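Open the structure in your viewer and keep the sequence panel beside it. This tour says what to select at each stop and what is there.

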Amino acid sequence: MNFNVYIITNRKDGVLYIGKTKRLKQRIFQHKNKVHPNAFSARYGLDKLVYFEKFKSEEEARIREKRMKKWNRKWKIELIEKMNPYWRDLSKDL
């Protein structure tokens with residue numbers, strides 16, 4: 001089973017949210033449809049998948065997510081722009 005660490009936003013250089021999931025496509029659907037209306041992502045309109053990584057184990061994904069959440073904003077933006085320089089919504093490619 002693959003585990004994913006992902007970053008969503010509302011727009012280029014907007015608010016960033018880092019999460020992890022086993023089912024990326026389903027989780028992005030939930031963000032886009034505000035399934036959890038009181039969640040951070042729903043309050044800030046975060047529904048564009050701009051970055052993701054796959055891991056073979058949940059533990060690897062959990063460690064990566066925790067580390068990334070501690071990064072400064074500049075590092076997160078650099079990571080996104082390496083993979084996705086135009087901040088496209090990658091969910092369309094899942």
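Start by selecting Ile7. Apart from residues within four places in sequence, Ile7 has contacts (heavy atoms within 4.5 Å) with Leu16, Tyr17, Ile18, Lys48, Leu49, Val50, Tyr51, Met68, Leu79 and Ile80. Before going on, note that this is a predicted model, in which local features need pLDDT of at least 70 and side-chain atom pairs count only at pLDDT 80 or more, while totals for chains, interfaces and linings use all residues. Residues are numbered from 1 along each chain as its sequence is written, and side-chain values use heavy atoms, with hydrogens and water left out.

**The core around Ile7**

Now add Val5, Leu16, Tyr51, Met68, Ile80 and Trp87 to the selection. Together with Ile7, they have the most contacts inside the largest nonpolar core, which has 14 residues. A nonpolar core is a set of buried Ala, Val, Leu, Ile, Met, Phe, Trp, Tyr and Cys residues joined through side-chain atoms within 4.5 Å. Buried means under 20% relative accessible area, exposed means over 50%, and partly exposed lies in between (1.4 Å probe, protein chains only).

Which elements give two or more residues to this core? They are β1 (3-9), β2 (16-21), β3 (48-55), α3 (58-70) and α4 (73-83). The names follow DSSP runs numbered from the N terminus: helices are H or I runs of at least four residues, and strands are E runs of at least two. Another core, of seven residues, lies apart from this one, and Ile8, Ile28, Leu49 and Leu90 are among its members. In soluble globular proteins, nonpolar side chains tend to be buried together.

**Strand β1 and its partners**

Select β1 on its own. Seven of its seven residues are buried. Phe3, Val5, Ile7 and Thr9 point one way from the strand, and Asn4, Tyr6 and Ile8 point the other way.

Next, show β2 and β3 as well. Strands pair if DSSP finds at least two bridges between them. β1 and β3 run antiparallel and are joined by seven bridges; β1 and β2 are also paired in the antiparallel sense, over six bridges. To find matching positions, look for Asn4 opposite Lys54 in β3 and Tyr6 opposite Gly19 in β2.

Stay on Asn4 for a moment. Asn4 counts as buried because its relative accessibility is 3%. Leaving out residues up to four places away in sequence, Asn4 touches Gly19, Lys20, Thr21, Lys22, Leu24, Phe52, Glu53 and Lys54.

**The loop with Asp13**

Follow the chain from β1 to β2 and stop at Asp13. Six residues lie between the two strands of this hairpin, and Asp13 takes a positive phi near 60 degrees there, although Asp13 is not a glycine. Its relative accessible area is 41%, so Asp13 is partly exposed.

**An aromatic pair**

Select Tyr6 and Tyr17. A pair of aromatic rings is described by the distance of the centres and the angle of the planes. Rings of Phe, Tyr and Trp (its six-membered ring) pair if their centres lie within 6.5 Å; planes under 30 degrees apart count as stacked, over 60 as edge-to-face and the rest as tilted. By this rule there are four aromatic pairs. The ring centres of Tyr6 and Tyr17 are 6.2 Å apart and their planes are at 50 degrees, so this pair is tilted. Tyr6 in β1 and Tyr17 in β2 are eleven residues apart. Add Phe40 and Tyr44 to see one aromatic cluster with these two tyrosines.

Is Tyr6 buried or exposed? Tyr6 is buried, at 1% relative accessibility, whereas Tyr17 is partly exposed, at 23%.

**Helices α3 and α4**

Move to Met68 in helix α3. Met68 is buried, with a relative accessible area of 0%. Not counting residues up to four places away in sequence, Met68 touches Val5, Ile7, Ile18, Tyr51, Glu53, Lys76 and Leu79.

Finish with α4. Its buried residues are Lys76, Ile77, Leu79 and Ile80. They cover an arc of only 160 degrees around the axis, and so lie on the same side of α4; the arc is that of the directions from the helix axis to the C-beta atoms. These buried residues pack against β1, β2, β3 and α3. Turn the helix over to find Lys74 and Lys82, which are exposed on the other side.
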